[in-house]
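I opened my notebook and went looking for a few things a newcomer could check by eye. Here is what I looked up, entry by entry.

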Amino acid sequence: MIKQILIATSLLCMCCTLFAQNLQIKGKVVSENEIVEFANVVLQTKDSVFVTGGVTDGKGKFMMENINAGSYQLCISGMGYTTRIIPLDHLITSKDLGVIMITPEAIMLKEVVVTGANVINAADRKIILPTAHQLKSADNGLSLLQQMKLSRIQVDQMRNTVTSSGEGEVQLRINGVNAEMQDILVLRPEDVIRIEYHDAPGLQYGDNTAAVIDYIIRRHETGGYVALDAQDSPHVLFGNNNFTVKVNHKKSEFGLNYNNVYRSVDNYWRNNWETFRYEDGSSFTRVEDGVPDKIATYGHNIGLNYSFQDQGKWFFNSTVRWDFNKNEQNNRSRLYAVGQPEEVLMMREHSTGRTSRPSVDLYFQCKLKNDQSLIINAVTTYIDTQSDRSYTEKKSDELLTDIYSTVSGDKYSFIGEGIYERKVTKKSRLSAGLKYQQSLADNTYGGSESSETKMHETHATAYVEYSGKEKRFNYSFGLQGSYSRFKQKEEGYNRCSLLPRLRLGYQFSDNLFIRYRGQISRKSPGLSDMGNVRQLIDSLQVRSGNPELKIFTVYKNELDIDYRKGLFSTNFNLSYQYQHRPIMEETRRDDNRFIRTNANQLSWQKLNPELELKFGPLKDILTFAFSTGINYYDSRGMDYRHTYTNWYYRAEVMASYKRLSGFFQMENHRNNFYGETLSYGESFHILGLSYRYKRLNIGVMTLNPFVDNYRMGGETFSNLAPSKNWWYVKESCRLFVAKVSWNISFGRKYETVQKRVNNEDSNAGTLKSGK
């Protein structure tokens, strides 16, 4: 009998151990006999380490899955409610908490509701829980992101872009996978559980990534959805339209995405001032006085997707994409030398370009024993490029300059990557990865100058990174080894590198967090710059490639301080970057022309302090945000040195009341200086208003409603050929855009697993002519 009891007890313990790794916690949140929608529900360990989180649905219910056995505390909070903490000691089986009562918040300060922070500083990311106010006001994933106001992130709903104040791109992801913008535009806000914001991304995200924004969304069981997001102007050919369909059948999911972008304006022109200095000390300045003409661009993006999931153990995804883009630009100008306005030449420049990019993406992810995971990704891409440019200068009917150039390019590439992760202890994790990229570019240049290039490029990297947390201190140490090879006929390079990375953070309190990050990386020259190619710009200038370009080193240091108290939050960021032997421009004289090319120069430095302030929402209606910073540049070439300082700012106010919401944002020129070129950033303001009714959202936005002189430009400080240019688009002033978003679901899909890495190749590798 005792033996049978022992056997039964052993079997019971084994069963408990087996199922303890897949526990569920669920419940329903109410207040004064009313359900509480969008309440924040966070599961933490006893020492307040974040485990998982989400928000209640339209019926006040929540459910957390895949919870390991242990002791936890469940924190439930909401806008206007007192936070409730429920201890969950020695959890070994799934638990239904039933009805959970929370009480209205009684503490008021100057008629402003005091609420708990919805931002959690994890070891390697910030976890932001959307409030009920934000979820109800947003109509898609992009507008939700704008309302959440992540530090150093800029959201532009007019052009559907997300950028960062830091160097590099912003990766958008859904449940871990790199997502296209059209995927974000058709996200239902109520499906978003939280956003994981990697503002100091690890090695697995690549060297040129400033931030990663990962939408963690609800994973439904069956069905699918159809979504449309359309932005079109009634008076200008301006549009950005997205259509998405997803359908699930058992363990499979089928998806279709289509995006159409078009821009066409008739009032585009440019003004140039160019000075040319010769060896004998003489010089002259030429003015290009532009005449309004047409510029247009069109784009189509379509993706077919299939994925298969086996109960969260492994996941397979295949995607076939095709991108097509076409552009056309016309420039007409009056050319004359300063002091000789009567000697006028008529200049005409016409250029067209077309790019077709099909690709196939295969992805596999599986969970192993002992909290391990493996990811394998393979992407193959073909890029077909065709461009044509004609340039003429006439005096009366006499043709003085006639230049024609055409480029036909074919590029083939393969990217393969593998990532292994393992949880070493409860508070530390080890990550390692391998990545291999092979590219072949075959380009033919014709017209006034003819040549052919065949270039082979290989990149291979391996990394290991260890991250962890000890009480209020968190850290990450990484080391990356890389090999790069380039060959064009008998020219090229081979380079091996060993690159470290460090991140240290400390949580002084629930309100104050500080972090330091330092890294060393290598930057390779682009294939378009390395071709042994010459392209005529005009009668005096030539653009030339340089096959002798070499890889250069980049050193980055960054200090980040984050403080939050009630409705007020602030972030201070100080970054410093030093580039050793960077690839920057140079101008030289050759064959009676001015040659514009690139070469490895001495150094480039950038110092950037930036301060952000945010306050709100006041009475669930108003939120204010303001950021300002200074860019200081020091650019040193073999025969030049330039320094430049730029002050910039960005301000935004958002408001919502019942089903109405609106925003106003503005920013001045945030300029960039590299080599000898100063590029003026865009100065603009946007006003938007929308109305939401169930699954339908209609609205209007206007770009620069209060000005009529939109322009962008830049300056070149070359000693031989300095220049200054401005280009204007009249339609970018008082541009009105109507917006319609519609999303309907039928049963919704099953628990969707998304890719955690995504590779692509979008660089065609062809040298561009023109100014």
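**Entry: strand pairing**

I started in this predicted model with isoleucine 376, and found glycine 418 of strand S27 standing opposite. Next I looked up the two strands themselves: S26 covers residues 372-395 and S27 covers residues 398-425. They run antiparallel and pair over 24 bridges. I then checked the turn of this hairpin, where two residues lie between the strands, and noted that serine 396 has a positive phi near 60°.

Which strand pairs with S27 over 20 bridges? I found strand S28, residues 428-447, again in the antiparallel sense. For one position in this pairing, I looked up valine 407 and found tyrosine 445 in S28 as its bridge partner. S27 and S28 also make a hairpin, with two residues between them. A reminder to myself for looking at strands: side chains in a regular strand alternate between the two faces of the sheet.

**Entry: helix H3**

Is helix H3 mostly covered or mostly open? I went through residues 141-148 and found eight of the eight buried. Among them are Gly141, Leu142, Leu145 and Met148. I also wrote down a general point, that residues three or four places apart in an α-helix point the same way because there are 3.6 residues a turn.

Then I looked at both ends of H3. At the N-terminal end, asparagine 140 acts as the cap, with a side-chain oxygen 3.0 Å from the backbone nitrogen of leucine 142. Just past the helix, I noted lysine 149 with a positive phi of about 50°.

**Entry: aromatic rings**

How many aromatic pairs does the structure hold? I found 25. I picked tryptophan 604 and tyrosine 633 to look at: their centres are 5.9 Å apart and their planes meet at 40°, a tilted pair. Tryptophan 604 belongs to strand S39 (residues 603-618) and tyrosine 633 to strand S40 (residues 622-636), so I counted this as a link between distant parts of the chain, 29 residues apart. Both residues are buried.

My second pair was phenylalanine 664 with phenylalanine 706. Their ring centres lie 6.5 Å apart with the planes at 55°, so this pair is tilted. Phenylalanine 664 sits in strand S42 (residues 660-667), while phenylalanine 706 is in the loop between strands S46 and S47, so the pair ties together parts 42 residues apart in sequence. I checked how open each one is: phenylalanine 664 is partly exposed at 23% relative accessible area, and phenylalanine 706 is exposed at 59%.

I also looked for a bigger group of rings. Trp604, Tyr633, Tyr644, Phe673, Tyr674 and Phe717 form one aromatic cluster.

**Entry: charges over rings**

Which ring does the charged end of arginine 159 sit over? I found phenylalanine 684, with 4.7 Å to the ring centre. I added a second case: arginine 711 lies over the face of tryptophan 726, at 3.6 Å from the ring centre.

**Entry: cysteines**

How many disulfides does the structure hold? I found zero. For my own memory, a disulfide is a covalent bond between the sulfur atoms of two cysteines. I still looked up how covered two cysteines are. Cysteine 496 has 59% relative accessibility, so it counts as exposed. Cysteine 733 has 10%, so it counts as buried; the cut-off for buried is under 20%.

Conventions:
Residues numbered from 1 in each chain as written. Predicted model: local features only at pLDDT ≥ 70, side-chain atom pairs only at ≥ 80, totals over all residues. Heavy atoms only, no water. Phe/Tyr/Trp six-rings, centres within 6.5 Å; stacked < 30°, edge-to-face > 60°. Helix = DSSP H or I, 4+ residues; strand = E, 2+ residues; numbered from the N terminus. Buried < 20%, exposed > 50% of the residue type's maximum accessible area, 1.4 Å probe, protein only. Lys NZ or Arg CZ within 6 Å of the ring centre and 35° of its normal. Pairing = 2+ DSSP bridges. Polar contact = N/O pair within 3.5 Å; in protein donor to acceptor, adjacent residues only side chain to side chain. Disulfide = S-S within 2.5 Å.
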